[in-house]
Amino acid sequence: MKKILSFFVFTFFFQLQAQERPKLVVGIVVDQMKMDYLYRFNTDFSNDGFKRLMKKGYVFHNMNYNYMPTFTAPGHASIYTGTTPSVHGIVGNDWFSRKQGKEIYCTDDASVKTVGDGTKAEGEMSPKKLLSTTITDELRLATNFKGKVIGMSLKDRGAILPAGHFANWAFWYSKTGAFISSTFYGEKLPDWVNDFNNEKHFMTYINKGWDLLKPIETYNESLADENPYEGKLNGANPVFPYNLKEMFDKKNAEILRASPYGNDLLEEFAKKAIENEELGKDAITDFLTISFSSTDYVGHNLGPRSMELQDTYLRLDLTIADLLNYLDKKVGKGNYLVFLTADHAGAENPIYLKDNKYNVNNVYPKEILKGLKKFSIDTFGEDLVVNCSNFNLFFNKEIIKTKGLELAKVKLAFKEYLMTQEQVKRAYTEEEILGENGTDFYLNCIAKGYDATEDGDIVILNKPGYLDHFIETGTDHGTPYSYDTHVPLLFYGWNIPKGETHDHKDITQIAPTLAQKLNISFPNGTESKVLLEVLDK
């Protein structure tokens, strides 16, 4: 009798607590989205997508990343852990590991296997390299693992890292056109996922091709349809319309990623997940993480000033509108909480800047590495450089020790050499980074992105406008400059007031804010600084 009474008491208080939370939280990350796009394309958006979130929700106009490097994996990890790479350990998409002495990938895990119709390598993935808990982890713990967490993206890292360590499932897109997972989550895919894959929804988009959504005059915020700053899309010239079926025949289902339809396919999949996993169905809060990646592929290939990018955002606006309408019907207005942000922004094409009289040049990594090695041999009689990538320079400690060299003097010599290079703004040694005192803004960003067990002996900061590698067309990202760090943040739905702020905010404030909003524990690595503007209601 006591056990039965205890069960009912627990259930009563659990449900009482659950009523103080939304039925469903939907976290949306748009890969490589600048805040500028919400302004630049605003007049061409519908009233039901981005504008609905902005007019009826809360807009943070000045949300920023507070570390370097600004890449996809660290971005997703930082949003959901509420901390930076120095704590959560995801210091890049892939990186040369000081500890292991080799290149590693952020979600690689050889102890698990592919689940679904994907290659062996595509599915050997898990969140084991993520050292901090996520807000999704804390929700699972807070609900006694009764609240469901599902993560999804076209990219493995965009699905796995937001979903955290305790997720029910994370799904990502395979080159076969199917959504797959790994044995970290389960031995076989849910039936509804198999059904979705077997229906080959991606072929609908491949067959119809990609043309402009609106009349060409609409795209006056972009450069001409074909311009010298655009790359080719899977070998095709950057001119509308695109015959995706032709590209599919050559490059299989990967082409969908580099078109706006990758976002549409993911939204279709998200709706199936909500329905079949019964997300938001009861009083116990569930969490769905969605990362739209096609924007990043289009941005990298064709650049921030291309018609293709503008068209991708106009189409994403309609996709988000459709998702919101679906949530209204399936979960109910006022029962769900949505936030939308980005994992990083993106730089202008350096040649485009140079052609418009901005003093910047392209960077050639092979020449830089060649120069570093020559300097090393000329100065120390040996090539001491093991690796130079992701802004990090690594030395061969064994050779330094064998030759009786002082590591501190080696670092200082290389730092002085780097400071003579045209593209370099600053170079910081490991000691300077770990001893950071907050007075140097860029050093502070580097320190927050630096893991002493993984990163290099020196971190290099290029001048504004410079990328860390050669690029003729498209764009890239990674720096602590505003063009890479300034991203949107929109909150909408359950207990979110209407409003806006232009105060500076950090990306690491999202997760602890959600924790306070949901009345659950903070992720264990966060500094716990919150966004008070959406906690008032």
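This passage describes a strand hairpin, a buried lysine, a helix pair and an open sheet in a predicted model.

In the hairpin, strand E3 (residues 94-97) and strand E4 (residues 102-105) run antiparallel and are joined by 4 bridges. Asp 94 of this pairing stands opposite Tyr 105 in E4. Between the two strands lie 4 residues, and Gly 101 adopts a positive phi near 70 degrees in this hairpin.

Lys 155 is placed in the loop that lies between strand E6 (149-153) and helix H8 (156-163). Its relative accessibility is 4%, and Lys 155 therefore counts as buried, given that the term applies under 20%. When neighbours within four places in sequence are left aside, the residues in contact with Lys 155 are Asp 31, Thr 72, Trp 172, Arg 257, Ser 293, Asp 296 and Tyr 297. Pro 127, which is 28 residues apart from Lys 155 in sequence, is 13 Å apart from Lys 155 in space, C-alpha to C-alpha.

Helix H12 (residues 261-276) and helix H14 (residues 307-332) have axes that come within 9 Å and cross at roughly 10 degrees. The two helices, H12 and H14, are therefore roughly parallel to each other, a description reserved for angles under 35 degrees. On the side of H12, the contact is made by Tyr 261, Asn 263, Asp 264, Glu 267, Lys 271, Ile 274 and Glu 275, which meet residues of H14 including Arg 315, Leu 316, Asp 322, Leu 323, Tyr 326 and Lys 330. By class, the residues of the contact of H12 with H14 comprise 6 nonpolar, 3 polar and 7 charged.

An open sheet is formed by 4 strands in the order E11-E12-E14-E13, with antiparallel pairing. Strand E11 (385-389) and strand E13 (424-429) are found at the edges, where each has a single partner strand, so that one side of each is left without a neighbour in the sheet. With direction ignored, neighbouring strands of this sheet are turned against each other by 20 degrees on average. Within the sheet, strand E12 (residues 392-395) is joined by 2 bridges to strand E14 (residues 458-462), and these strands run antiparallel; Asn 392 has Val 459 in E14 as its bridge partner.

Two helices are described in relation to these strands. Helix H16 (residues 365-380) packs on the sheet and touches E11 and E12, its direction making about 155 degrees with that of E11. Helix H18 (residues 407-418), in turn, lies across E11, E12, E13 and E14 and runs at about 145 degrees to E12.

Note on methods: Residues are numbered from 1 along each chain as its sequence is written. This is a predicted model: local features need pLDDT of at least 70, side-chain atom pairs count only at pLDDT 80 or more; totals for chains, interfaces and linings use all residues. Side-chain values use heavy atoms; hydrogens and water are left out. Two strands pair if DSSP finds at least two bridges between them. Buried means under 20% relative accessible area, exposed over 50%, partly exposed in between (1.4 Å probe, protein chains only). Contact means heavy atoms within 4.5 Å. Axes are lines fitted to C-alpha atoms, for helices over the stretch in contact, and angles run from 0 to 180 degrees between N-to-C directions. Angles under 35 degrees count as roughly parallel, over 145 as roughly antiparallel, 65 to 115 as roughly perpendicular and the rest as oblique. Ala, Val, Leu, Ile, Met, Phe, Trp, Tyr, Cys and Pro count as nonpolar, Asp, Glu, Lys and Arg as charged, and the others, Gly among them, as polar.
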